[in-house]
Amino acid sequence: MSGPRVEIWTDGACKGNPGPGGWGALLRFGEAEKELFGGEPLTTNNRMELMAVIQALRTLTRPCEVVAHVDSRYVMNGVTSWIAGWKRNGWRTAAKKPVLNQDLWRELDDELARHEVRWEWVKGHAGDPGNERADALANRGVPTRVG
């Protein structure tokens with residue numbers, strides 16, 4: 001697969017875990033940039049980390065070469081180490097328990113089938129400009145209570 005090269009930075013945020021949460025993504029294609037964010041009133045940080053990557057990949061209208069910058073060890077380990085075994089085991093862990101957040105892992109797996117993704121882990125809150133922007137977007141996505 002060889003398509004356009006897109007870089008994405010993603011992040012999730014949660015105020016309480018569980019609690020209101022948000023996800024954010026910055027996509028860069030050459031000089032063009034796109035910002036995405038959203039959230040849910042009751043969720044977890046791990047769900048928001050996954051949702052950020054899913055939404056970023058879902059936004060791409062054709063197969064792409066993607067460099068995905070994530071600060072979540074959960075997402076990084078999931079896609080690089082765990083998901084193949086989960087799929088082999090019928091979406092069960094090595095301990096034979098159902099995979100947590102299986103709905104989102106399945107959605108991510110579907111998106112990954114469309115693209116060629118190289119994963120890069122970045123340390124969160126350490127000055128990486130793309131990660132800092134994704135973090136700010138995730139925080140914008142956190143629903144606030146009204147009334």
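## A walk from the pocket to the odd backbone spots

About 240 Å³ of space lies in the largest pocket, so start there, bearing in mind that this is a predicted model. Rolling a probe the size of a water molecule over the atoms shows where empty space is left.

**Stop 1: the pocket lining.** Select Val6, Phe29, Leu60, Thr61 and Cys64: out of 13 lining residues, these lie nearest the centre of the largest pocket. Now colour β2 and β3, since each of them gives the lining at least two residues.

**Stop 2: helix α4.** Keep those strands coloured and select residues 129–141. That's α4, with 13 residues and 19 Å between its first and last C-alpha, close to the 18 Å expected at 1.5 Å a residue. Which of its residues are buried? Pick out Gly130, Asn131, Ala134, Asp135, Leu137, Ala138 and Gly141. Turn the view to look down the axis of α4: the buried residues fall within an arc of 165°, so they line one face of the helix. The background is simple: an α-helix has 3.6 residues a turn, so residues three or four places apart point the same way.

What covers that buried set? Show β1 (5–14), β2 (19–29) and β3 (32–43), which are among the elements covering the buried residues of α4. Then flip to the other side of α4, where Pro129 and Arg140 are exposed.

Before moving along, zoom in on the start of α4. A side-chain oxygen of Asp128 comes to within 3.1 Å of the backbone nitrogen of Gly130 there.

**Stop 3: Arg140.** Stay on α4, where Arg140 sits. Arg140 counts as exposed because its relative accessibility is 53%, and the cut-off for exposed is over 50%. Even so, Arg140 has company: leaving aside neighbours within four places in sequence, it is in contact with Glu35 and Phe37. If you want a ruler check, draw a C-alpha to C-alpha distance from Arg140 to Gly30: you should get 25 Å, for a pair 110 residues apart in sequence.

**Stop 4: Thr43 and the cis bond.** Jump to Thr43, in strand β3. Is Thr43 buried or exposed? Buried, with a relative accessible area of just 3%. Show what it touches, skipping residues up to four places away in sequence: Cys14, Asn17, Pro18, Gly19, Pro20, Gly21 and Met48.

Two of those contacts, Asn17 and Pro18, deserve a closer look: the peptide bond from Asn17 to Pro18 is cis, with omega near 15°. Pro18 itself is in the loop between β1 and β2.

**Stop 5: helix α1.** Met48, another contact of Thr43, belongs to the buried set of α1, together with Arg47, Glu49, Leu50, Met51, Ala52, Val53, Ile54, Ala56 and Leu57. Select residues 45–59 to see α1 whole: 15 residues, reaching 21 Å from first C-alpha to last, close to the 21 Å expected.

**Stop 6: two positive phi values.** Last, go to the loop between α2 (73–88) and α3 (102–112), and find Lys96. Lys96 has a positive phi of about 70°, although it is not a glycine. Asn101, in the loop between α2 and α3, also has a positive phi, near 60°. For context, most residues other than glycine have a negative phi, and most peptide bonds are trans.

Switch on the surface to compare their settings: Lys96 counts as exposed at 58% relative accessibility, while Asn101 is buried, with a relative accessible area of 17%.

Terms used
Residues numbered from 1 in each chain as written. Predicted model: local features only at pLDDT ≥ 70, side-chain atom pairs only at ≥ 80, totals over all residues. Heavy atoms only, no water. Helix = DSSP H or I, 4+ residues; strand = E, 2+ residues; numbered from the N terminus. Expected span 1.5 Å × (residues − 1). Buried < 20%, exposed > 50% of the residue type's maximum accessible area, 1.4 Å probe, protein only. Arc of directions from axis to C-beta. Contact = heavy atoms within 4.5 Å. Polar contact = N/O pair within 3.5 Å; in protein donor to acceptor, adjacent residues only side chain to side chain. 1 Å grid on protein atoms, 1.4 Å probe; cavity = no way out; pocket = protein on both sides within 12 Å on 5 of 7 lines; lining within 4 Å. Points joined across faces, edges and corners; volume = space filled by probe spheres on them.
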